[in-house]
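Q: Please take me slowly through one part of this model, with the whole protein as background.

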Amino acid sequence: MTTQHTSGSKAAPTKIITTNTGRILRVSADAESVPTSPVTTPPAAMVDPARRADVLFRVRRDEGHEISSWWMIGAFLATSGLVILLLSGVPGIA
């Protein structure tokens, strides 16, 4: 990254403003004297939590419908059995 130096001139005084969202704005003294209209953000679109990009296996179910706890117990036992089976093939373990 390069920096730019000016010879003999001084930078205009600036003011740092932090918005509610945590964004840091640097405002020069010249721009502060000019009245500006407030910036409006568009309304947020309705986002289904089960369709977010960071959610891989979430499933939208009907209200009141819950998965049986036996599925979780079976998944735990199957995973544990698979780990034990795979580790039994590793030589040198007592």
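How many helices and strands are there in the protein, and, looking closely at helix 2, what is the count of buried residues among its 20 residues?

A: The protein has 2 helices and 2 strands (DSSP runs numbered from the N terminus, helices being H or I of at least four residues and strands E of at least two), and from the N terminus on they follow the order β-β-α-α. This is a predicted model, in which local features need pLDDT of at least 70 and side-chain atom pairs pLDDT 80 or more, while totals for chains, interfaces and linings use all residues. Residues are numbered from 1 along each chain, and side-chain values use heavy atoms, without hydrogens or water.

Helix 2 takes in residues 69-88, and because each of its 20 residues should add 1.5 Å, counting one less than their number, its expected span is 28 Å, which agrees with the 29 Å between its end C-alpha atoms. The helix is hardly covered, for the count of buried residues in it is 0 (buried means under 20% relative accessible area, exposed over 50%, partly exposed in between, with a 1.4 Å probe and protein chains only). In the protein, buried residues make up 3% of the 94 residues.

L77 lies in helix 2, and it counts as exposed because its relative accessibility is 54%. Together with W70, I73 and F76, L77 forms a nonpolar patch on the surface, with about 510 Å² of accessible area (Shrake-Rupley method, 1.4 Å probe; patch residues have over 30% relative accessible area and no salt bridge, with nonpolar side chains joined within 5 Å and like charges within 9 Å; a salt bridge is a Lys or Arg side-chain nitrogen within 4 Å of an Asp or Glu carboxyl oxygen). The protein exposes about 9,700 Å², of which carbon and sulfur atoms supply 62%.
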